[in-house]
Amino acid sequence: MLSLSPRGTASGFWRYAAPVLALALTALTTGALFAAMGRPALLTVTTFLITPLLATGGLEALLVKAAPLVMMGVGLSIAYRANVWNIGAEGQYIFGALAAGGLALALPAAPGWVIVPLLIAAGLVGGAGYALIVAWLRTRFNANEILTSLMLAYVAQYLLVYLVTGPWRDPEGFGFPQTALFSDAAGGPRLIEGSNLHLGLIFAPLIALAAWVMLGRSVLGFQFRVMGQAPRAARFAGFDENRLIWLAMAISGGLAGLAGMFEVTGNQGQLTINLGPGYGFTAIIVGFLGRLHPLGVIPAGLLLALTYLGGDAAQMNLGLSSAITGIFQGILLFCLLGSDVLISHRLQWKRRP
Amino acid sequence: MQRRTFGQLLAAGTGVAALGRPAVAADPVKIGFVYVGPVGDFGWTYQHDVGRQAAVAKYGNAIKTTFIENVPDGPDSEKVIADLANSGHKLIFTTSFGFMNHTVKIAKRFPKIFFEHATGYKRDTNLATYNIRFYQARYVQGVIAGHLSKTGIAGYIGSVPVPEVVQGINAFMLGMRSVNPKARLKFILINSWYDPPKEGDAAKALMDQGADIITQHTDSPAPLQAAAGRGIKGFGQATDMIKFAPTTQLSAAIDLWSPYYTKRIGQVLDGTWKTGVIWGGFDSGLLEMAPFTNMPADIAAIATATVAAIKSGKNKVFTGPILDQAGASKLAAGASMDDAALNSMQWLAQGVEGKLT
């Protein structure tokens, strides 16, 4: 029978080559899938992965979609490195958006230099505050953070629906579930006049850089890594586990909140019941594809952002169903996890004893 | 569509087919459609796609249509509409209320491209709107429900409380009370146009509260199927859903977009397209009722007569006296409501239970 046995030391090269291998395998698999459907395989894959970049405004759309993914992917990478499994970034994203959106609605006349820093603070505090509920449940009651953070994501979604259809609803919106538009000042400065390129696009790479330095060069980063790799050693070394859990949740939640804040103020301009295509969950794939490395998250975020645009391009040019985005993301994750298993384990044929 | 692509490949590959024939007169005119749900919703979006296919059947190679499905209401729709405009589409139909502001914005940016927005109210020199008086069909449904409901309670699944949805709720109630003055209507808003599990759950919740007739302003057959599961009757929405519930569907409001789509695309082809607004009911050919099934013949006859009265203009549906939930007068006896009042409707008629927010 087939069995898996550990390889001992995993290859360092393959650890970082795995995402590239997974992407190649995904392209091959999707190509084969479409060939089986009677579609031209190469054309389908290139339409999905390349056409969106060449379209007018394609690069802009890519960056706008990648910004929240990168911010959240960085935060999640830090938490996952510390063995804190925050699955509910979507909820923290919504909470950051709610905190910022509420503030923007309350201060419609505030000038940009006042409102933008306030909004950034609101996004961070909103997301981090919501994530700390999870940290509290974990440290106080030892509740599994995977479950609590995931369930709180749904709570946040329902709170959003309540606010947008209820107290915060646009009085001039004819019943449509949306708030009034935020002021132009709340949208913050544009990197290029007239575009959707908001401040978050500068923040995202800077945050990744800061996280890289923090993880690699600071005591806190060291503690996070030790707690993730050897929790017993961390305890013997006297690291305060609870404190690290609180910090990991605060950082990942705060960054998710910041992503939500930039998305609604910089890109959407109002709150609706639909704040995005589930960036918070896609950011989990981004984290793993980026090898939980803050700098690796940047190309991973760009790639996953591309899968959203590719879905539109495949529909427009080839008449394919919009489900292609989900299929591609799913196959990508499957190939990546499969590669990881085979890098750390050896496939062996063993005789039954 | 698949077959045509294959044919084109074949022609391009061999290069023979084109030889010795007159050159094709012109490139096909590209027409784009932006859909809020999947074409397989078997409701709202499906019916728009039937309209698109009718245009393809009529104009053949003179046009090339593109559709993008599952586009969420909101900012993402703006990118999709802009993509269509950037890729050479001459006429773009956007088929959800939530696309309104985004269609307006892109229409301003592309003054040479024509836009058509379904169910909205903002227009421009290159942006027309089109809609159907769905409330007329709701009134007919209400009349049927008034005759058939034993509990006197109907259940209504709504999406979001925009005026169009509120008109439907109120028209149903007016129709039902025209038969049974004690009738009541309970409704649930699910905040989505297409979410079959939620639609089905809402139907079950309404049935648990005593509703024995179900109708919905969402896009899938799920509520009808939920009603079938409990052995009570319901209505199809946007398209004839009789196949999904052969012993349950009483009738359905059928949206007939095909005549409008073929007409407007024809106007782009011959250069006579102009902005405009259409809001048609039974008399316009945009709306009809599916056959009246699963009901006694005398009720079917009453329903048919109600359709005829609305079609001829004798019954304007929103005719006074109309009272709101609290019993305050909304329309004096004998008066009929104008389109402006209909298009800003944010109140509920007497007998409707529930709140809009």
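This report walks through a predicted model with chains A and B, from its core out to its contacts.

**The core**

Let's start on the inside. The largest nonpolar core has 216 residues. Val70(A), Met71(A), Met72(A), Leu119(A), Ala248(A), Met249(A) and Ile169(B) are the ones with the most contacts inside that core. Both domain 1 and domain 2 of chain B give residues to this core, so it lies between them. As a general rule, in soluble globular proteins nonpolar side chains tend to be buried together.

Take Ala248(A) from that list. Leaving aside neighbours within four places in sequence, Ala248(A) is in contact with Ile78(A), Ala79(A), Ala82(A), Val84(A) and Phe224(A).

**A buried glycine**

Now look at Gly75(A), which you'll find in helix H4 (residues 58-81) of chain A. Is Gly75(A) buried or exposed? Gly75(A) counts as buried because it has 34 other C-beta atoms within 10 Å, and the cut-off for buried is 20 or more. If you skip residues up to four places away in sequence, Gly75(A) touches Ile251(A), Ser252(A), Leu255(A) and Ala256(A). Gly75(A) and Ala208(A) sit 133 residues apart in sequence, yet their C-alpha atoms are 8.8 Å apart in space.

**A strand in the open**

Strand S2 (residues 345-349) of chain A makes a nice contrast: of its five residues, the number buried is zero, so S2(A) lies largely in the open. Its partner is strand S1 (residues 2-6) of chain A, and the two pair in the antiparallel sense over five bridges. To spot the pairing, find Leu4(A), which stands opposite Leu347(A) in S2(A).

**Where parts meet**

Next, the two chains: 22 residues of chain A are in contact with 27 residues of chain B. On the chain A side, helices H7 (145-165), H11 (241-268) and H13 (297-318) each supply at least two residues. H13(A) gives the most, with three residues.

Chain B has its own internal meeting place. Its domain assignment gives domain 1 (2-132 + 257-280) and domain 2 (134-247 + 288-353). The centres of these two domains, taken over C-alpha atoms, are 31 Å apart. Their contact takes 15 residues from domain 1 and 14 residues from domain 2 of chain B. Which helix gives the most to the domain 1 side? That is helix H2 (residues 44-59) of chain B, with four residues.

Here is how two of these sides divide by class:

| Side | Nonpolar | Polar | Charged |
|---|---|---|---|
| Chain A, touching chain B | eight residues | 12 residues | two residues |
| Domain 1 of chain B, touching domain 2 of chain B | eight residues | six residues | one residue |

Methods. Residues are numbered from 1 along each chain as its sequence is written. Chains are lettered from A and ligands numbered from 1 in the order in which they are written. This is a predicted model: local features need pLDDT of at least 70, side-chain atom pairs count only at pLDDT 80 or more; totals for chains, interfaces and linings use all residues. A nonpolar core is a set of buried Ala, Val, Leu, Ile, Met, Phe, Trp, Tyr and Cys residues joined through C-beta atoms within 7 Å. A residue is buried if 20 or more other C-beta atoms lie within 10 Å of its own, exposed if 12 or fewer, and partly exposed in between; C-beta atoms are placed from the backbone. Domain bounds come from an automatic or database domain assignment. Two residues are in contact if their C-beta atoms, placed from the backbone, lie within 7 Å. Ala, Val, Leu, Ile, Met, Phe, Trp, Tyr, Cys and Pro count as nonpolar, Asp, Glu, Lys and Arg as charged, and the others, Gly among them, as polar. Two strands pair if DSSP finds at least two bridges between them.
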